[in-house]
Each structure stands twice: as structure tokens, then as C-alpha cells.
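Hello,

Here is the structure I said I would pass on, with the sequence alongside. My notes on what was found in it follow below.

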Amino acid sequence: MNDQERARTTRSGSVESDGGVVQVGDGMEVPAALARAIDLAKDRKGRDMLLLDLRGISNATDYFLLVTGTSDTHVKAVADHILEELREDGVKPMHIEGVRTGRWVLMDYIDFVIHVFHPAAREFYQLERLWGDAPSHAFPDES
């Protein structure tokens, strides 16, 4: 990594490149807004973060970001933080579900969908198993 790349490295270890695309671990390239969402989820101590690359597998979206909160309140806090900060960056979701209940918040940004789960909901739906053939990148929890 040269000095220019090092300067553009974000907290999540992602590296900005030209064209609004950012490399995250394992060389996976994602939209810059998604890399920002990953950092925002880390800001609020989102757990068990997993990025699924659905390009070529799904026509609905290119990426799923799965995040777990420790309680309904934590799920809502993580989702609210991502929504508010991306909105300030001019990135608005096409559709949102579940913010009021805090069990499973779905934020659809067309190119990527962010799922913030309560642990019981994540265990029940197991999206990572459903999309098990998708390339994935797990982000380590921060202490």
C-alpha cells in the first residue's frame, strides 16, 4: 500500500479508489456509500458484521450488509445512525422497514441493502445461509 492509499484507508480497513468504489477486506470492491455504512455500523458497535457480494447471484441488489445489535434499542440505534449519517451525505434509502419494532431493520439503497438484526431474528432468518454461495467478508467486532 502506498502513501496515497494509506491516506484513503478508512477505519474498517477499506481503501477508496477512483469512481466511488472502495476496496474492503479480501479485495472486494463496494460502493463508497456502503463502505461508509460499514464504518457507521462500527461506530455504534454493530456486531457480527458480514458483507455478502450478490453480484451475479441476485437481480434485486448487489450487496447485503448484515449487522447484529444486542437489543431492540441497539438495533434501532445502529439503524438510525446509518440512516441519519448517509442522509447527510445525500444518500437516501428507497425503502425502510422495521425501525419501529427494532427486531429487523431493512434499509434498501438499491445497490445495497443493510439488514440490522436483533440476535434472535438473525438466528431465525439466517440470511447468510440462504445466500451461502455468495462471496462474503466478515468484519471483526471492535471491543
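Strand β4, residues 47–53, has 5 of its 7 residues buried, so β4 is largely enclosed by the rest of the structure. Please keep in mind throughout that this is a predicted model.

β4 has a partner strand in β5, and another in β9. With β5 the pairing is antiparallel and is made of 5 bridges; here Asp-53 stands opposite Tyr-63 in β5. With β9 the sense is again antiparallel, over 4 bridges, and Leu-50 has Ala-138 in β9 as its bridge partner.

Just past that pairing there is a residue to look at. Pro-140 is found in the segment after β9. Is Pro-140 buried or exposed? Its relative accessibility is 61%, and Pro-140 therefore counts as exposed. In sequence Pro-140 is 92 residues from Asp-48, yet the C-alpha atoms of the two are separated by 7.1 Å.

The sheet as a whole

These pairings belong to an open sheet of 6 strands, in the order β6-β7-β8-β5-β4-β9, and the pairing in this sheet is mixed. Which strands lie at the edges? They are β6 (95–97) and β9 (136–139), each of which pairs on one side only. Direction ignored, neighbouring strands of this sheet are turned by 10 degrees against each other on average. As general background, the strands of a sheet pair through backbone hydrogen bonds, either parallel or antiparallel.

From the β6 edge, the order can be followed inwards. β6 runs antiparallel to β7, and 3 bridges join the two; His-95 stands opposite Asp-108 in β7. β7 (residues 104–108) then pairs with β8 in the antiparallel sense over 5 bridges. One of the pairs here is Met-107 with Ile-114, the latter in β8. β7 and β8 form a hairpin with 3 residues between the strands, and in this hairpin Ile-110 takes a positive phi near 70 degrees.

On to the next pair: how do β5 and β8 run? β5 (residues 63–68) and β8 run parallel and are joined by 6 bridges. Val-67 stands opposite Val-116 in β8.

Strand β8 itself, residues 112–117, is mostly covered, with 6 of its 6 residues buried. The cover applies to both faces of β8. On one side the buried residues are Phe-112, Ile-114 and Val-116, and on the other they are Val-113, His-115 and Phe-117. Two of these residues have already come up, since I named Ile-114 as the bridge partner of Met-107 and Val-116 as the residue opposite Val-67.

Two helices in contact

Two packed helices are described by the angle between their axes and the distance between the axes. For α2 (residues 32–43) and α3 (residues 72–88), the angle is about 140 degrees and the axes are 9 Å apart. The two helices are therefore oblique to each other. The crossing in which α2 passes α3 is right-handed.

Which residues of α2 and α3 meet? From α2 they are Ala-33, Arg-36, Ala-37, Leu-40, Ala-41 and Asp-43, and from α3 they are Val-78, His-81, Ile-82, Glu-85 and Leu-86. By kind, the residues of this contact divide into 7 nonpolar, 1 polar and 3 charged.

Leu-86 is worth a separate look. This residue lies in helix α3, and its relative accessibility is 1%, so Leu-86 counts as buried. Leaving aside residues up to four places away in sequence, Leu-86 touches Ala-33, Arg-36, Ala-37, Leu-40, Val-91 and Tyr-109. Among them, Leu-40 is 46 residues from Leu-86 in sequence, with a C-alpha to C-alpha separation of 8.8 Å.

The chain overall

The protein chain has 5 helices and 9 strands. Read from the N terminus, its elements run α-β-β-β-α-β-β-α-β-β-β-α-α-β. The chain has 143 residues, of which 41% count as buried. Taking contacts between residues at least 6 apart in sequence, 55% join residues at least 24 apart. The contact of Leu-86 with Leu-40, whose residues are 46 apart in sequence, is an example from the notes above.

Regards

Key:
Residues numbered from 1 in each chain as written. Predicted model: local features only at pLDDT ≥ 70, side-chain atom pairs only at ≥ 80, totals over all residues. Heavy atoms only, no water. Axes fitted to C-alpha atoms, helices over the stretch in contact; angles between N-to-C directions. Parallel < 35°, antiparallel > 145°, perpendicular 65-115°, else oblique. Left-handed = near helix turned anticlockwise from the far one by under 90°. Contact = heavy atoms within 4.5 Å. Nonpolar A, V, L, I, M, F, W, Y, C, P; charged D, E, K, R; others polar. Buried < 20%, exposed > 50% of the residue type's maximum accessible area, 1.4 Å probe, protein only. Pairing = 2+ DSSP bridges.
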